[in-house]
Amino acid sequence: MNEDPGTAGDQGEENWKELLESWIPPYFQIVTKGRILSDSGETSPQVDVIVLSPDYPKSLLNCKEYLSGGVVAAFECKTTLRRKHIGEFIEHSKKIEKLAINENGTPRKDLQSKIYYGLLAHSHEWKKENSNPKENIEKAIWEYDEKYVTHPREIPDIICVADLGVWKSQKMIVPNYDNGKGLKGNYVMSGYIASDNKEEFFTPVGSCVFDLLQNIAWRYPSVRDIVTYMRKLNISGSGSGYSRPWVFALNGEAYIKKLQNDKDGIFLISLNEKYAPIKVGENDCLDIFGKVLGKSDASSFCLHLFSYGTPFIE
């Protein structure tokens, strides 16, 4: 007998909630099925699992609209991950970032949303003999990243498929870059690192929990000792991925494009043929910040803002 998809989804959310409760300090409240409410009254799409701060008012715990200032993390949960879920997830990440009470003033505050946002799945749809699920997920991540993300802070934090792997976003500054052709300076880059299972203690779920605890440790120092201990076991695993430099900003919106300048005018040309060129008008403000550097291993960068090494500094 086939299980009702709604019932299976509800049980999946409860499974993830119980898992997080078994690892996150008990003073964090974890709830299911709610929306995030901004200070301006805007709400997020429904989120399956929400981690609330220890300071969250008890009298509001039964309300299904949770104040963004008290949300530490939020997760969408899927029984079977499908390609469309990745697109919806990245689109929702952009919306949730705008609801968070974010700060500026340091590189980390400028680039990292206060709400940690992830996608958790038990399995995936790519089960055919010649299918390559990891490659399919990476292609979908980058397609929807280019489609929806206009600022590094809008990038979601993690995608975890329990029986396959984990993809974690990283944002970093590459200092004193010099390509030998006149391009010099400090460049912001973002990327998704696909962690592998070559390490003794690595599992996708363990890596996901560890990444969440690292994020929590920035704001809650009591978690740092256990995070440092877990880091020495390399629970997070190692991996590599593609980096996205923040190349062009047109009227405040960032794009990764090629620049075309000919008799027809100046255009930003997408690396994905599905997206039309963007014409730069005479009244537009166009800034150039960097260039594509290609595929890279996360360990090759000099400064990681979010690798959470000791000490925890901004």
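The points below comment on selected helices, cysteines and individual residues of this predicted model.

1. Helix 2, covering residues 83–99, is a reasonable place to begin, because its 17 residues should span 24 Å at 1.5 Å a residue, and the end C-alpha atoms lie 25 Å apart, which agrees. Many positions along helix 2 are buried, namely H85, I86, G87, F89, I90, H92, S93, K94, I96, E97 and L99. The buried residues of helix 2 pack against several elements: strand 1 (29–37), strand 2 (47–52), strand 4 (71–81), strand 5 (116–124), helix 4 (133–148) and strand 6 (158–161).

2. One of those partners, helix 4, deserves its own comment. Helix 4 is built of 16 residues and reaches 22 Å from its first C-alpha to its last, close to the 22 Å expected at 1.5 Å a residue. Its buried residues are P133, I137, A140, I141, E143, Y144, D145 and Y148. As general background to the spacing in such a list, an α-helix has 3.6 residues a turn, so residues three or four places apart point the same way.

3. How do helix 2 and helix 4 meet, and at what angle do their axes cross? The two axes come within 9 Å and cross at roughly 35 degrees, and helix 2 passes helix 4 in a right-handed crossing. On the side of helix 2, the residues in contact are R83, I86, G87, I90, E91 and K94, while helix 4 contributes I137, A140, I141, E143, Y144, D145 and Y148. Sorted by class, this contact of helix 2 with helix 4 holds seven nonpolar, one polar and five charged residues.

4. Helix 5, residues 204–219, has 16 residues and extends 24 Å from its first C-alpha to its last, close to the 22 Å expected at 1.5 Å a residue. Because 13 of the 16 residues of helix 5 are buried, this helix is largely enclosed by the rest of the structure.

5. The pairing of helix 5 with helix 6 (residues 224–232) can be described in the terms already used for helix 2 and helix 4. The axes of helix 5 and helix 6 come within 9 Å and cross at roughly 140 degrees, and the crossing is left-handed. Here F210, L213, Q214, A217 and W218 of helix 5 meet R224, V227, M230 and R231 of helix 6. The residues of this contact of helix 5 with helix 6 divide into six nonpolar, one polar and two charged.

6. With regard to the cysteines, how many disulfides does the model contain? The count comes to zero disulfides, with a pair of sulfur atoms having to lie within 2.5 Å to qualify. The closest cysteine sulfur to that of C160 belongs to C208 and is 4.4 Å away, which is too far for a bond. C208 is likewise in no disulfide, its nearest cysteine sulfur being that of C160. Both residues can be placed by accessibility: C160 counts as buried because its relative accessibility is 0%, and C208 counts as buried because its relative accessibility is 5%.

7. E13 sits in helix 1 (residues 5–23) and is buried, with a relative accessible area of 6%. Leaving aside residues up to four places away in sequence, E13 touches K33, D48, V49 and C77. A colleague examining this charged side chain may wish to view it together with K33, which is taken up in the next point.

8. Two backbone positions may merit inspection. K33, in strand 1, has a positive phi of about 55 degrees although it is not a glycine, and its relative accessibility of 29% makes it partly exposed. N234 also has a positive phi of about 55 degrees without being a glycine. The place of N234 is in the loop between helix 6 and strand 9 (239–245), and with a relative accessible area of 27% N234 is partly exposed.

9. Finally, is F267 buried or exposed? F267 lies in strand 13 (residues 265–270), and at 16% relative accessibility F267 counts as buried. F267 and V280 are 13 residues apart in sequence, yet their C-alpha atoms are 5.7 Å apart in space.

Conventions
Residues are numbered from 1 along each chain as its sequence is written. This is a predicted model: local features need pLDDT of at least 70, side-chain atom pairs count only at pLDDT 80 or more; totals for chains, interfaces and linings use all residues. Side-chain values use heavy atoms; hydrogens and water are left out. Helices (H or I, at least four residues) and strands (E, at least two) are DSSP runs, numbered from the N terminus. The expected span of a helix is 1.5 Å times one less than its number of residues. Buried means under 20% relative accessible area, exposed over 50%, partly exposed in between (1.4 Å probe, protein chains only). Contact means heavy atoms within 4.5 Å. Axes are lines fitted to C-alpha atoms, for helices over the stretch in contact, and angles run from 0 to 180 degrees between N-to-C directions. A crossing is left-handed if the near helix is turned anticlockwise from the far one by less than a right angle, and right-handed if clockwise. Ala, Val, Leu, Ile, Met, Phe, Trp, Tyr, Cys and Pro count as nonpolar, Asp, Glu, Lys and Arg as charged, and the others, Gly among them, as polar.
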